Structures are given as structure tokens and as C-alpha cells.
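Q: I would like a close look at a single part of this protein. Please choose one part, describe it carefully, and then show how it is connected to the rest.

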Amino acid sequence: MSDRNDTNQAAAKDPDDWVTGDESMTAPQASYLKTLAQEAGEEFDPELSKAEASKKIDELQQETGRGVDH
């Protein structure tokens, strides 16, 4: 059971603490971020890092209501 908790904690880790957070965002992040940015009427920045993209996705999900549990 501790493996499951370790996995959940890793998934919830702050993007600023990610070891690979300064690498370029992943293709899935870019695709989803493009969609969210379009829905929010914002510009998509293809130069964001993984960590920056994660934070922007969280921000735009709140703004658009996408990905938010109801």
C-alpha cells in the first residue's frame, strides 16, 4: 500500500520541485494547453517549460472549468 501513496505524492508534487521541470513541455501538455488557451482567449506560448506549462494548465482549467470535478 505504501507504493500507492508514494505514487500519489509524486503526482501531487509541486511543478517547481520537478527534476525535469525546466525541460520543454511535453507534446500532450502542448496540445492540451493550446486547447485551453484558445477556449480562454489567450495566446499559446510554445516556449514554456514542463513546470510552467503545468501551472498554466492548472490556471486555465480553473478559468475555463475544463478538467475540474463537479
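A: What follows is an account of helix α2 and of the parts that meet it, with a short look at the rest of the chain at the end.

The model is a predicted one. The protein chain has three helices and zero strands, and along the sequence the elements follow the pattern α-α-α. Of its 70 residues, 24% count as buried.

Begin with the length of the chosen helix. Helix α2 covers residues 27-40, which is 14 residues. At 1.5 Å a residue, a helix of that length should span 20 Å, and the end C-alpha atoms of α2 are indeed 20 Å apart, so the expected and the computed spans agree. The helix is followed by G41, a residue whose phi is positive, near 70 degrees.

Next, consider the two sides of the helix. The buried residues of α2 are Q29, A30, L33, L36 and A37. Viewed down the helix axis, these buried residues fall within an arc of 135 degrees, so they line one face of α2. The general geometry helps to make sense of such spacing: an α-helix has 3.6 residues a turn, so residues three or four places apart point the same way. On the face turned away from the buried side are the exposed residues A27, P28 and Q38.

What does the buried side of α2 meet? The buried residues of α2 pack against α3, which runs over residues 50-64. I57 gives a detailed view of contacts with Q29, Y32, L33 and L36, once its neighbours within four places in sequence are left aside. Of these, Q29, L33 and L36 are among the buried residues of α2.

The packing also shows up in the largest nonpolar core, which has nine residues: M25, A30, L33, L36, A37, L48, A53, I57 and L60. Two elements, α2 and α3, give two or more residues to this core. The greatest contribution comes from α2, with four residues. In soluble globular proteins, nonpolar side chains tend to be buried together.

Charged pairs come next. The structure holds five salt bridges. One of them involves α2 directly: R66 pairs with E39, and their closest N and O atoms are 2.8 Å apart. E39 belongs to helix α2 while R66 lies in the segment after α3, so the pair ties together parts that are 27 residues apart in sequence. Both partners are partly exposed, R66 with a relative accessible area of 33% and E39 with 43%.

A second salt bridge involves the loop that leads to α2. The side chains of E23 and K50 meet at 3.1 Å, N to O. E23 sits in the loop between α1 (2-11) and α2, K50 is in helix α3, and the two are 27 residues apart, so distant parts of the chain are linked. The partners differ in their cover: E23 counts as partly exposed at 39% relative accessibility, whereas K50, at 17%, counts as buried, since the cut-off for buried is under 20%.

A further salt bridge lies within α3, the helix that α2 packs against. K56 and E59 meet through their side chains at 3.2 Å, N to O. They are three residues apart in helix α3, which means that about one helical turn separates them. K56 has a relative accessible area of 21% and counts as partly exposed; E59 is also partly exposed, with 41%. Together with E42, K56 and E59 are linked in a network of salt bridges.

After α3 comes the segment that holds V68. This residue is partly exposed, with a relative accessible area of 28%. V68 touches Q61 and Q62, not counting residues up to four places away in sequence. Its C-alpha is 9.4 Å from that of D58, a residue 10 places away in sequence.

Finally, the whole chain puts the helix in context. Among contacts in the protein chain with a separation of 6 or more, 59% are between residues 24 or more positions apart. The chain exposes about 5200 Å², and carbon and sulfur atoms supply 45% of that area.

To sum up, the buried residues of α2 line one face of the helix and pack against α3. E39 of α2 also forms a salt bridge with R66, in the segment after α3.

Technical notes: Residues are numbered from 1 along each chain as its sequence is written. This is a predicted model: local features need pLDDT of at least 70, side-chain atom pairs count only at pLDDT 80 or more; totals for chains, interfaces and linings use all residues. Side-chain values use heavy atoms; hydrogens and water are left out. Buried means under 20% relative accessible area, exposed over 50%, partly exposed in between (1.4 Å probe, protein chains only). Contact means heavy atoms within 4.5 Å. Accessible areas come from the Shrake-Rupley method with a 1.4 Å probe; for residues, only the protein chains shown count as cover. The expected span of a helix is 1.5 Å times one less than its number of residues. The arc is that of the directions from the helix axis to the C-beta atoms. A salt bridge is a side-chain nitrogen of Lys or Arg within 4 Å of a carboxyl oxygen of Asp or Glu. A nonpolar core is a set of buried Ala, Val, Leu, Ile, Met, Phe, Trp, Tyr and Cys residues joined through side-chain atoms within 4.5 Å.
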